[in-house]
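Trainee: Could you take a close look at a single part with me, a helix and the loop leading into it?

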Amino acid sequence: MTGPRPWAAYETCRLCPRECGVNRLAGQRGRCGETAQLRVASIVAHFGEEPPISGRRGSGTIFFTGCSSRCFFCQNWQISLEHEGSALTMDRWETLVRRLLVDHGVHNLNFVTPDHFWPHIAELCRRLREAGVQVPFLFNSSGYQLPSMIPVYGEWMDIFMPDFKFADRDLAEACMGDRRYPELALQSLQKMVEAKGFLEPWDPSGATPARQGVLVRHLVLPGEVENSRQVLRLLRQEFGRFLPLSVMSQFRPTPYCWQRGRLTRGVTASEYMEVIELVQELGFENVLIQSAPSDDFLPDFQCVERPFKGNPPAVLEGEDDHRAE
Ligand code: SF4
């Protein structure tokens with residue numbers, strides 16, 4: 001994807017499991033809702049990731065507009081479902097990312113829901129590595145990937161941080177319209193672990209940020225503890241007790257939850273405790289637990305200058321002057 005035609009993959013787009021086959025270069029849109037025009041919602045030093053990722057100086061996080069998974073409960077719904085964001089040229093994007101690296105000294109570059117803009121990401125990674133940038137590159141995803149793409153991502157990415165959202169096919173179907181999610185997520189995760197191993201160094205304090213490997217996230221959903229149980233059992237069986245795992249309690253209902261009349265409350269303390277008890281029963285050793293999620297990291301992407309109260313102002317601050325052709 002970094003050869004003479006770096007954008008060729010957009011021509012008959014099959015970058016993700018939706019395999020729409022549309023010509024995004026000609027302005028067509030598939031399920032992710034984005035053409036081949038790079039669109040980015042925020043570029044920010046982010047302190048709301050897990051400690052091994054945020055460290056002390058933050059994770060250099062790039063939030064892309066659109067998403068191939070389209071879970072209706074997405075906590076980033078303003079960008080994944082409503083497509084908030086700015087169009088950027090490749091050069092302008094590179095400038096902003098370099099500013100993040102230099103001004104903030106972030107520990108890594110963190111590409112959030114990156115599948116549908118992979119050709120742009122590969123091009124940025126190529127430019128940065130050629131210029132001597134050494135921070136780890138991190139693939140931060142929904143877990144809904146084409147397993148065949150993982151080795152391609154692994155050519156540039158050092159860290160994989162996928163969600164494992166659903167082991168229950170019916171729940172996957174109801175939330176994001178693809179009952180194949182469990183097997184696709186599992187096969188992709190197997191390839192990620194094969195390529196990069198488990199996250200290292202493993203330092204839950206964040207004093208020594210991670211440089212390589214896989215950290216799996218699971219967001220507990222209200223009323224869906226059984227799905228969480230199935231996810232944990234599957235992960236334990238497939239990857240053993242040392243798999244690095246982040247179990248999140250931060251779910252908040254979004255406008256689309258109210259619209260569907262589903263997942264219309266937060267996760268209760270007892271639901272989360274039930275899940276954590278199973279984590280302990282299964283003997284997982286490397287676990288990050290989110291006992292008190294902070295509203296400081298509940299995003300509002302309409303506030304372009306500062307979408308997260310807990311972060312410094314974003315590097316991307318309204319980019320109308322730099323819209324791509
Ligand atoms: S990246 Fe978008 S257009 Fe391409 S296959 Fe996936 S959903 Fe379809």
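Mentor: Sure, one term to begin with: buried means under 20% relative accessible area, exposed over 50%, and partly exposed in between, using a 1.4 Å probe and protein chains only. This is a predicted model, where local features need pLDDT of at least 70, side-chain atom pairs count only at pLDDT 80 or more, and totals for chains, interfaces and linings use all residues. Residues are numbered from 1 along each chain as its sequence is written, and side-chain values use heavy atoms, leaving out hydrogens and water.

Start at Glu224, in the loop between S8 and H8; helices (H or I, at least four residues) and strands (E, at least two) are DSSP runs numbered from the N terminus. With a relative accessible area of 16%, Glu224 is buried. Leaving aside residues up to four places away in sequence, Glu224 touches Leu171, Arg262 and Leu263, where contact means heavy atoms within 4.5 Å. Its side chain also makes a polar contact with that of Arg262, at 3.5 Å; that's a pair of N or O atoms within 3.5 Å, one able to donate a hydrogen and the other to accept it within protein, and residues adjacent in sequence count only if both atoms are side-chain atoms.

Now H8 itself: Val225, Asn227, Ser228, Val231, Leu232, Leu235 and Phe239 are buried there. Seen down the axis, the buried residues of H8 fall within an arc of 155 degrees, so they line one face of the helix; the arc is that of the directions from the helix axis to the C-beta atoms. Their cover includes helices H6, H7 and H10 plus strands S8 and S9. After H8 comes Gly240, with a positive phi near 80 degrees.
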